[in-house]
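Let's walk through this structure together, one stop at a time. Keep the picture open and find each residue as we get to it.

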Amino acid sequence: MAKQRVTIADVAREAGTSTASVSYYLNDKREKLSEKTQNKIARVIKELGYVPNAQAQTLTGKQTHVIAIIILDNTNKWAGLVLNGMEQVMLPAGYQTVVCTSNFNPETELMYVDKMLSLGVDGFIIQPTANFKAVHDRIRRAGKPVVFFDAAIYSPGTSWIKTNLYDGVYNATQALLDAGYEDFFSIAANMTEMRTRMERFQGYAEALAANGQLYKAIPIDHNKPSINELTEYFKFKFNPAKRTLIFVQNQWALPRVYKALQPMAHLLPQQIGLLGLNCEDWTNLTTPTVSTIIEPVDQEGREAAEMLLALLDGSSEPGEQRILECKLNWLDSTSI
């Protein structure tokens, strides 16, 4: 049998005080209470395990100091970095975060929005699916602030932050074209699922097109092709008469491609160039080290949280929009 919920009346009875006194304590009106009464109430709350009812707080207009973060996928390194950035800001400001994963599903995303609204969260930080407008309208009608991150959103009045992946990839590709690379490969997962994948693809393809170059595409997912399959592919597809560049567009795929190139490591970087994305935790420890385009992921998380705090305290209005620039981290796998 489920344990019966402890109520404010239970706390008052055990502490020998009125429910009004307990309410004063819970609502930070403690100047109305003696230190002895405060100590008794605090002791009983701890002993009984009393937890304030979030729905009741919502009905009274009281803040819950809980923020909902809805992210597309929380299983990768990128997600860990961006969530850590948000926590660095929210926790010192007195807010707890609840992380929900939509798995790119618009219905799941809306379900989480409705659930979090019913629990009385104070605001949202969302990496949206393509169903952005419905999500934004639902939260706006509920009167809650929201900041979107890592999404192609340009609507006036909408608060969002993103990294400039397009320019980061375009500029890196142009630098490698100028360095004399002549043959080009793109290793990428399905590009239809999220904005960032499309921006990487466009930056690469359009920089090449501007220089009259094409590329060979190698589709990849979390299972295929294997390291051995990639190695065999490279052996037969590389043109030894041309300097070849491989751009790996998904950070989780870069270790697999790097291992597949080990039998040809002696050709890096003069004959074969390797460019990846992020993975800064290991790419400077390998031999050779690996050139990458670095997104300011932790910074994006921090600034998204700061934007939401500003909306919550009224120091800013909806509509602030920020774009963060990437860093080009040139190491030994490319020659420029």
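Cys 279 is buried, because its relative accessible area is 10%, and buried means under 20% relative accessible area (exposed is over 50%, partly exposed in between, with a 1.4 Å probe and protein chains only). You'll find Cys 279 in the loop between β9 and β10. Its backbone does something to look out for: Cys 279 has a positive phi of about 60° although it is not a glycine. Asn 278 also has a positive phi of about 60° without being a glycine. Asn 278 sits in the loop between β9 and β10 (291-294), and it is buried, with a relative accessible area of 6%.

A quick word on what you're looking at: this is a predicted model, where local features need pLDDT of at least 70, side-chain atom pairs count only at pLDDT 80 or more, and totals for chains, interfaces and linings use all residues. Residues are numbered from 1 along each chain as its sequence is written, and side-chain values use heavy atoms, with hydrogens and water left out. As for the names, helices (H or I, at least four residues) and strands (E, at least two) are DSSP runs, numbered from the N terminus.

Back to the cysteines. A disulfide is a covalent bond between the sulfur atoms of two cysteines. How many disulfides does the structure hold? Zero, where a disulfide is counted as a pair of cysteine sulfur atoms within 2.5 Å. Take Cys 326: the closest cysteine sulfur, in Cys 279, is 14 Å from its own, so that's too far for a bond. Cys 326 counts as buried at 19% relative accessibility, and Cys 100 counts as buried at 4%.

Next, stay with the loops and look at two prolines. The peptide bond joining Lys 224 and Pro 225 is cis, with omega about -10°. Pro 225 lies in the loop between β7 (216-219) and α10 (227-237). A cis bond also runs from Leu 268 to Pro 269, with omega near 0°, and Pro 269 is in the loop between α11 (254-260) and β9 (272-277).

Now for a helix. α12 covers residues 297-312, which is 16 residues, and it reaches 23 Å from its first C-alpha to its last. That's close to the 22 Å expected at 1.5 Å a residue (the expected span is 1.5 Å times one less than the number of residues). Is α12 mostly covered or mostly open? Mostly covered: twelve of its 16 residues are buried, including Val 297, Ala 304, Met 307 and Leu 311. The buried residues pack against several elements, among them β1 (66-71), α5 (77-90) and β3 (123-126); contact here means heavy atoms within 4.5 Å. Just after α12, Gly 314 takes a positive phi of about 80°.

One of the strands that α12 packs against is β3, and that's where Phe 124 is found. Phe 124 counts as buried, at 0% relative accessibility. Leaving out residues up to four places away in sequence, its contacts include Ala 68, Val 113, Leu 117, Ile 139 and Leu 308.

Val 113 and Leu 117 belong to α6, where they help meet α7. Helix α6 (residues 106-118) and helix α7 (residues 132-141) pack at an angle of about 10°, with their axes 10 Å apart. (Axes are lines fitted to C-alpha atoms, for helices over the stretch in contact, and angles run from 0 to 180 degrees between N-to-C directions.) That makes α6 roughly parallel to α7, since angles under 35 degrees count as roughly parallel, over 145 as roughly antiparallel, 65 to 115 as roughly perpendicular and the rest as oblique.

For a contrasting angle, try α2 (residues 19-26) and α3 (residues 35-48), whose axes come within 10 Å and cross at roughly 85°. That makes α2 roughly perpendicular to α3. Ser 21, Val 22, Tyr 25 and Leu 26 of α2 make the contact with Gln 38, Ile 41, Ala 42 and Ile 45 of α3.

Last stop: Phe 184, in strand β6 (residues 183-188). Phe 184 is buried, with a relative accessible area of 0%. Neighbours within four places aside, it is in contact with residues including Leu 177, Tyr 204, Leu 214 and Leu 245.
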